[in-house]
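Biologist: I am new to this structure and would like a close look at a single part, the sheet together with what lies around it. Please go through it step by step.

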Amino acid sequence: METIKLNNSRECPIIGIGTFLLKPDEAENSVREALQLGCRLVDTANAYGNERAVGRGIKDSGVARGDIFLSTKLWPTEYENPNAVDDTLKRLGTDYIDLLYVHQPAGNWIAGYRQIEKAVCDGTVRSIGISNFEGKYFEQLKEIWEIVPQFIQVEAHPYFTQQDLLSELDEFDMKLMAWYPLGHGDKSLVEEPIFVQLAEKYGKSPAQIILRWHTQMSFVVIPGSKNIEHIKDNLDIFDFKLTNDEMSQIAQLDKGKRYHQRTEEALERYAATAPVYED
């Protein structure tokens, strides 16, 4: 499994399993199977309602905890909860988290960031992430951070390559973790002629070509699936490499198309609506 070096000198696998929209039993099964297939990066969040299931999947996989890079996210209603990190650890059944994100720039997100910084100093969190902190929110964060984040998690795919953001990340050697890496299942993206042609050339699927593009862009990618064959295919992308010319052709697809439009009204809802945790 390829890894990427972070600005705190830690290593993170460049592809993993995401658990967004997976029910607890689905998340538990997907995490267990993915780890047994060789995956070593697992991503979840307070708001997904499946952290306990993810913890069970990790435990049942038989893979040593020290070999797994586990990331999760604090939800806005948890930012001012002094026990938020400890509560998250308990749900996951672990004594440390490899990467903990501030999930949204909503509510008192500065308190949330400070809480994660403290957890890094205490040793219960090893790396800090920010999720969806684009534009003015990233600028505001730069004014207050004491520890520079290692990751930002945002929407990214060949239709939306985040070029403006990437130039800012380079200044701090921050890495990008992509959500909606396949364009939220948009057939027009997956079936672009360049991906169909490259799939035939390399004996892969168009989705595998797109995931390989992500890794060659140095994006960490976390496709989610409850289909074990899809999980297996998603991990099977390291026996070929796209050429510079092919990467340049794919770059021409960027048209600034987002599949998720965040609004200020949505951020207000996030600040007020607590996650529903699995029993």
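Modeller: What follows starts with the sheet, moves to its surroundings and ends with the empty spaces.

This is a predicted model, in which local features need pLDDT of at least 70 and side-chain atom pairs count only at pLDDT 80 or more, while totals for chains, interfaces and linings use all residues. Residues are numbered from 1 along each chain as its sequence is written, and side-chain values use heavy atoms, with hydrogens and water left out.

Eight strands make up an open sheet with parallel pairing, in the order E3-E4-E5-E6-E7-E8-E9-E10. Here helices (H or I, at least four residues) and strands (E, at least two) are DSSP runs numbered from the N terminus, and two strands pair if DSSP finds at least two bridges between them. Strand E3 (17-18) and strand E10 (220-221) are at the edges with a single partner strand each, so one side of each has no neighbour in the sheet.

At the E10 edge, strand E9 (residues 175-179) pairs with E10 in the parallel sense over two bridges. Ala178 stands opposite Val221 in E10. Helix H6 (residues 163-172) packs on the sheet, where it touches strand E8 (151-155) and E9; contact means heavy atoms within 4.5 Å. The direction of H6 makes about 145 degrees with that of E9, where axes are lines fitted to C-alpha atoms, for helices over the stretch in contact, and angles run from 0 to 180 degrees between N-to-C directions.

E8 also pairs with strand E7 (residues 128-131), in the parallel sense and over three bridges. Within E8, Phe151 is the bridge partner of Gly129. Five of the five residues of E8 are buried, so the strand is largely enclosed by the rest of the structure. Buried means under 20% relative accessible area, exposed over 50%, and partly exposed in between (1.4 Å probe, protein chains only).

Pro149 is in the loop between helix H5 (136-144) and E8. Its relative accessible area is 0%, so Pro149 is buried. Leaving aside residues up to four places away in sequence, Pro149 touches Asn7, Tyr113, Ile128, Ile130, Leu141 and Met174.

Next come the empty spaces. They are found on a 1 Å grid over the protein atoms alone: a cavity is a set of points where a 1.4 Å probe fits but cannot get out, a pocket is an open set with protein on both sides within 12 Å along at least five of seven lines, and lining residues have an atom within 4 Å of a point. Grid points are joined across faces, edges and corners, and a volume is the space filled by probe spheres set on the points.

The largest pocket has a volume of about 1200 Å³. Its lining has 42 residues, of which Phe20, Leu21, Trp179, Tyr180 and His184 lie nearest the centre. E8, helix H9 (206-216) and helix H10 (228-235) are the elements that give two or more residues to this lining, and H10 gives the largest share, three residues.

A search of the whole structure finds one cavity of 30 Å³ or more. The largest cavity has a volume of about 40 Å³ and is lined by Gly16, Ile17, Ala34, Cys39, Pro223, Ile231, Asn234 and Leu235. The largest share of this cavity's lining, three residues, comes from H10.
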